[in-house]
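Hi,

Here is the structure I said I would pass on. Have a look at it first, and then read on for what turned up.

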There are 2 protein chains.
Amino acid sequence: MLDLLALQKELLLRHIRPGGVCADFTMGNGHDTLFLSRAVGDGGKVYAFDIQPSALESTASLLKRENAPDNVTLIHDSHHNAAQYIKEPLCAGMFNLGWLPGGDKRITTQRMTTLPALQTAISLLAPDGAVLLAVYPGHEEGRLEGECVSSFLAEQDRRMLCCSRLQIVNSPTSPYFFLIEKK
Amino acid sequence: MLDLLALQKELLLRHIRPGGVCADFTMGNGHDTLFLSRAVGDGGKVYAFDIQPSALESTASLLKRENAPDNVTLIHDSHHNAAQYIKEPLCAGMFNLGWLPGGDKRITTQRMTTLPALQTAISLLAPDGAVLLAVYPGHEEGRLEGECVSSFLAEQDRRMLCCSRLQIVNSPTSPYFFLIEKK
């Protein structure tokens, strides 16, 4: 059976080289941060963003517990300010939209900042870099956020970016994802 | 860059075992027939359907030229009659909607027979079998056919089937595809 989560990571890994620079734009509990940290290894660098202090605490503790490479910078700021922190071209970026699992459901990523953050992420991509963005349409804000991202990506110049969408069509509340690849 | 054509074949191959039985529901020039023939190998079997005699001729000649395994049955009939010919459970089926490349563009697959053929294909699937269906939305009948298939798949019971859609969102006329996996 198609495992979309496994497939999306597999597709993103094709863009990540050891020693590369990545960003987790929605740190949450840090699972993607850990994934990126391991993918780039000791010579690499990972920036991770979240507006909730508890996300930084959970992630720091996860990275320690999992003995992750010492290559992660945790940043307590909104992802749409990422360009203030990241000065290197990115080989990969990840967005996991929605709320912090186990956290306050009132604090979700918001369309108002998601799109500027995604634009920033795209502008930071190195040639052959990619952004992976997961949408959770099971709640209303998530559903709207996904539609908003889809319309935005549909307008991107195909000579510069290849924007793919992967979705289970007979499970409308399941997460789906976009892969945005720079040419 | 994501190569959707390569990815779809890669995903379908995960369902094909040497010695298995497959079907190419839209033979055309036989490229998918050849792909399936090689995937199941000498102990396997491939049924291929087309309503145009020229498709059977092109395919027979391609299989010979490429020295394909002797495991293909070419059938001159519409794919919606497939159940009259196929008696074994299928590990994989392929649909490449639209017209025969280089052939008569007035003869395209039609929504009236595409859906019955797809239903037949799904009913013939073995557990863990899969159907891959490519849509060409660059012409009007292709676009409508894709929407029709999408609506049909959205209604399928997720406990029986997992129906995925993979598409380049910023290239609306590019082919996209559905992967339908039986649980």
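Before the symmetry, a word on how it was worked out: copies are superposed by least squares on the C-alpha atoms of residues with pLDDT of at least 70 in both. Keep in mind that this is a predicted model.

**The two chains**

With that in hand, chain A goes onto chain B by a rotation of 180°, with 0.0 Å of shift along the axis and an RMSD of 0.0 Å. That is the relation of a two-fold axis. The same surface serves both copies, since 100% of the contact residues of chain A recur in chain B. If you want to find the axis on screen, go to L166(A): its C-alpha is 2.3 Å away, and no other residue of chain A comes closer.

How many residues of each chain are in contact with the other chain? The count is 30 residues of chain A with 30 residues of chain B. Between them the chains bury about 2400 Å², and 56% of that is on carbon and sulfur atoms. On the chain A side, three residues supply more than any other three: M1(A), V169(A) and N170(A) provide 31% of the area that chain A buries against chain B.

**Helix 1 of chain B**

Helix 1 of chain B covers residues 4–13, and its buried residues are L4(B), L7(B), Q8(B), L11(B) and L12(B). They cover an arc of only 135° around the axis, so they sit on the same side of the helix. The cover over these buried residues comes partly from the other chain, as it includes helix 1 (4–13) of chain A. From chain B itself, helix 2 (31–40), strand 4 (90–96), strand 5 (125–135), strand 6 (161–168) and strand 7 (176–182) contribute too. At the start of the helix, look for D3(B): one of its side-chain oxygens reaches to within 3.1 Å of the backbone nitrogen of L5(B).

**Helix 2, in both chains**

Helix 2 of chain B is largely enclosed by the rest of the structure, because eight of its 10 residues are buried. Those residues are D32(B), T33(B), L34(B), F35(B), L36(B), S37(B), A39(B) and V40(B). They pack against helix 1, helix 3 (53–65) and four strands of chain B: strand 1 (21–24), strand 2 (45–50), strand 3 (72–76) and strand 4. After the helix comes G41(B), with a positive phi near 70°.

In chain A, two residues of helix 2 are worth a click. T33(A) is in this helix, and T33(A) counts as buried at 0% relative accessibility. The side chain of T33(A) makes a polar contact of 2.7 Å with the side chain of D24(A). Leaving out residues up to four places away in sequence, T33(A) also touches M27(A), V46(A), A48(A), T59(A), L63(A) and V72(A).

F35(A) is in helix 2 of chain A as well. F35(A) is buried too, with a relative accessible area of 16%. Apart from neighbours within four places in sequence, F35(A) is in contact with K9(A), L12(A), L13(A) and M94(A). F35(A) and C22(A) are 13 residues apart in sequence, and their C-alpha atoms are 10 Å apart in space.

**Cysteines**

How many disulfides does a search of the whole structure find? It finds zero over all chains. Take C91(B): its closest cysteine sulfur, in C22(B), is 3.7 Å away, which is too far for a bond, as a disulfide needs the two sulfurs within 2.5 Å. C91(B) counts as buried, at 4% relative accessibility. C163(B) is in no disulfide either, and the nearest cysteine sulfur, that of C162(B), is 6.8 Å away. C163(B) is also buried, at 0% relative accessibility.

**Two more spots**

L97(B) lies in the loop between strand 4 and helix 4 (111–124) of chain B. Is L97(B) buried or exposed? At 4% relative accessibility, L97(B) counts as buried. Q119(A), in helix 4 of chain A, is partly exposed at 45% relative accessibility. The C-alpha atoms of Q119(A) and L5(A) are 23 Å apart, with 114 residues separating them along the chain.

Cheers

Methods:
Residues numbered from 1 in each chain as written. Chains lettered and ligands numbered in written order. Predicted model: local features only at pLDDT ≥ 70, side-chain atom pairs only at ≥ 80, totals over all residues. Heavy atoms only, no water. Buried < 20%, exposed > 50% of the residue type's maximum accessible area, 1.4 Å probe, protein only. Arc of directions from axis to C-beta. Contact = heavy atoms within 4.5 Å. Polar contact = N/O pair within 3.5 Å; in protein donor to acceptor, adjacent residues only side chain to side chain. Buried area = accessible area lost by both parts, 1.4 Å probe.
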